[in-house]
Amino acid sequence: NNDIKRASEPRKYDANFKGPIQNRGCTDIICCILFIVAIVAYFAVGILAWSQGDPRKVIYPTNSKGQFCGQAGTELTKPLLFYFNIMKCASPLVLLEFQCPTTQLCVDTCPNRFMTLLKAKVVPSDWNYYKSYCKQGVSDGMVNILKNGLCPAMLLPSKPCKSSFCLVLATIISLIFIVLLRFLAGIMVWVMIVLVILVVGYGIVHCYFEYAALKNEPGSNVTLQEIGFQTDFSVYLHIRQTWLAFMIILAIVEVIIILLLIFLRKRILLAIALIKEASRAIGHVMSSLFYPLLTFLLLAVVIAYWAVTAVFLSTSNQAIYKVFNETACEYSRQNCDPANFSTSNIKTKCPDSMCLFAFYGGETAYHKYLIGLQFYNVFLFFWCANFVTALGQMTLAGAFASYYWAFNKPKDIPACPIFASLGRALRYHTGSLAFGSLILAIIQVIRVLLEYLDYKLKGAQNKFAKFLLCCLKCCFWCLEKFIKFLNRNAYIMVAIYGKNFCTSARDAFFLLMRNVIRVAVLDKVTDFLLFLGKLLIVGLVGIFAFFFFSGRVKAFESTAPTLNYYWVPILVTIGSYLIAHGFFSVYAMCVDTLFLCFLEDLERNDGSAERPYLMPDSLLKILNKKNKTAAE
């Protein structure tokens, strides 16, 4: 209680404090040792999996029967793998079951056109083409083809797409925006605000013209409820209600943005000053813009190791087949035999069930503990991924804190702040990074298990169990968000003071609570401005992608690929946001670090000659504070 009371009180002045502590000691040593042991055990699991697994699983794709595609001299010479519904592979359950719950076939070529099953059966030539992506034995007169899982509901073209051009454009725009923000922060912020309002306004006007143009079109007045869900999303663009909904949503967004700008105009000036200071900090630490590439590379290594280990763990010895189903079935995920499954009792009771290859297993001691090894692989994947992210946050925080606390900038800034901060983080604070990432990994694994339980209880009739599970999922989602926020600020305090994780998390929490109004307004306004920057980039690229793929721009009409389905601009927009987020994450980390340093500066110093503020003159002016000279 006394520790909490002392932590909740404002900091006292320390004449020896000159920024990030250089002479520091190792923190959270027990967690460091535990993490190293876990990593060594992880390598042991990988070696064991590679010695027991089948390497052909990595080289060749495997169909639903566990057979390898593309092997010369066998019946399965078709080299490519086709998924009936690849969207099912996006489920978090794949992390636990290591198998996509949809039919997979070996094919010669991937589909090169968009086609639905209903439309294909009308034209004989289309039906012959469509049958090449169905199970063997499908004939013209068969019924319930889709219900029995004999064919996919639709074919989507799979070929190199020029959407990557749009993603390169997002990278270039983001880089240009960051560079301009470095030199023209104040002007760029106001230009960004105006452009966001204009882009959203253009969206409203465009939706209105599309809505008006469909006024006399036949069939355009049907409602979205009447047509229901359609696999061909271009259908929705020929309905007036779709454009009306878009127009209303954009109008609401426009009004919210304008109202926020009106009521927060004074705080925006302070936020702009903070962004300007962040621009100066990044200007002195230009290598920070390229640090996310290292984080991306390390995350790619972690993901690759997890994926390869998971593949080898799931390819040990004999093939195991399990029942996969769309609706409730008492035999779900039980073992089955594909040879006689169509005439089995399971197929009779669960008509929509399928007997698909799940993994490779056996009866040895290794296979008895295989599920434990798979769980350990998933857990270490989350732990390592969070550790890499935490390392990036602490490295950037240490570099930017070195800038803020330098009394004579840039003279007192270290020569290589990024490398110096990275070295301090790895040498002294590996345990603190492991501690914070371990807490987050445990919460994330619990969320995956809850998703798995939710999937298993999909057909259950107990409404209380469903309600309880929904509440647990919501609570752990909120807990994960809070822990991420706390960890981020704890890493900043560790980078500055060199204390252990718990002490740093406590200090950061109470520092923010003592300045809760500034946190709620200033920091969040800054986040809002950076979000507008990402929104602007996404909006520009999204508009360009829509007109490019739809062929409405005459200059690109001959080179634009055919837009078979309207998911492509959406995926490009999501990719653009991720790219912009990668660049702006450096700015966000810089702002968060400077903000905590700013709060510490206000508590430690009073502007006197003995305790001068280290914040820039722009912040001093806005706060009506100044540093006094010795004569004053």
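Which residues is Leu529 in contact with, leaving aside its neighbours within four places in sequence? Let's work through this and a few more exercises on this predicted model.

**Exercise 1. List the contacts of Leu529, then place Leu529 in its core.**

Step 1. Set aside the neighbours within four places of Leu529 in sequence. What remains is Val189, Met192, Ile193, Ile268, Ala271, Ile272 and Ile275.

Step 2. Now look at the core. Leu529 belongs to the largest nonpolar core, which has 116 residues. Together with Trp383 and Phe598, Leu529 is among the residues with the most contacts inside this core.

Step 3. Find the main contributor. Helix 15, residues 370-404, supplies the largest share of this core, with 20 residues.

Step 4. Look for another core. A second, separate one has 17 residues, including Phe84, Leu105, Ala120 and Trp127.

**Exercise 2. Describe how the rings of Tyr42 and Tyr376 are arranged, and say which parts of the chain they tie together.**

Step 1. Start with the total: the structure holds 19 aromatic pairs.

Step 2. Check the geometry of this pair. The ring centres of Tyr42 and Tyr376 are 6.3 Å apart, and their planes make an angle of 80°. Planes over 60 degrees apart count as edge-to-face, and that is the label for Tyr42 and Tyr376.

Step 3. Locate the partners. Tyr42 is in helix 2 (residues 29-52) and Tyr376 is in helix 15, so the pair ties together parts that are 334 residues apart in sequence.

Step 4. Compare burial. Buried means under 20% relative accessible area. Tyr42, at 6%, is buried, whereas Tyr376, at 23%, is partly exposed.

Step 5. Widen the view. Ring pairs link Tyr42 and Tyr376 with Phe43, Trp50 and Tyr305 into a cluster.

**Exercise 3. Find the disulfides, and explain why Cys31 has no bond to Cys502.**

Step 1. Recall the chemistry: a disulfide is a covalent bond between the sulfur atoms of two cysteines. This structure holds two of them.

Step 2. Take Cys134 and Cys151, whose sulfur atoms are 2.0 Å apart in their disulfide. The torsion about their S-S bond is about 120°, so this disulfide is right-handed. Both Cys134 and Cys151 lie in the loop between helix 6 (124-131) and strand 4 (154-155), 17 residues apart in sequence. Cys134 and Cys151 are buried.

Step 3. Take Cys336 and Cys355, with sulfur atoms 2.1 Å apart. Here the torsion is about 100°, so the disulfide of Cys336 and Cys355 is right-handed. Cys336 is in the loop between strand 5 (318-324) and helix 13 (345-349), while Cys355 is in strand 6 (residues 354-361). Both Cys336 and Cys355 are buried.

Step 4. Turn to Cys31. A disulfide needs sulfur atoms within 2.5 Å. The closest cysteine sulfur to that of Cys31 is in Cys502, 7.9 Å away, so the gap is too far for a bond. Cys31 is buried, at 17% relative accessibility.

**Exercise 4. Work out where the salt bridge of Asp592 and Arg488 sits, and compare it with other charged groups.**

Step 1. Begin with the idea: side chains of opposite charge can pair when their charged atoms come close. The structure holds nine salt bridges.

Step 2. Examine Asp592 and Arg488. Their closest N and O atoms are 2.6 Å apart. Asp592 lies in helix 21 (residues 567-604) and Arg488 in helix 18, so parts 104 residues apart in sequence are tied together. Asp592 is buried, with a relative accessible area of 11%.

Step 3. Examine Glu451 and Lys473, whose closest N and O atoms are 3.7 Å apart. Glu451 is in helix 17 (residues 430-456) and Lys473 in helix 18 (residues 463-497), so this pair ties together parts 22 residues apart in sequence. Glu451 is partly exposed at 28%, and Lys473 is partly exposed at 23%.

Step 4. Follow Lys499 to two partners. Lys499 forms a salt bridge with Asp507, with closest N and O atoms 3.9 Å apart. The charged end of Lys499 also sits over the ring of Tyr497, 5.8 Å from its centre. Lys499 is partly exposed at 34%, whereas Asp507 is buried at 7%.

Conventions: Residues numbered from 1 in each chain as written. Predicted model: local features only at pLDDT ≥ 70, side-chain atom pairs only at ≥ 80, totals over all residues. Heavy atoms only, no water. Core = buried A, V, L, I, M, F, W, Y, C linked by side-chain atoms within 4.5 Å. Buried < 20%, exposed > 50% of the residue type's maximum accessible area, 1.4 Å probe, protein only. Helix = DSSP H or I, 4+ residues; strand = E, 2+ residues; numbered from the N terminus. Contact = heavy atoms within 4.5 Å. Phe/Tyr/Trp six-rings, centres within 6.5 Å; stacked < 30°, edge-to-face > 60°. Lys NZ or Arg CZ within 6 Å of the ring centre and 35° of its normal. Salt bridge = Lys/Arg side-chain N within 4 Å of Asp/Glu carboxyl O.
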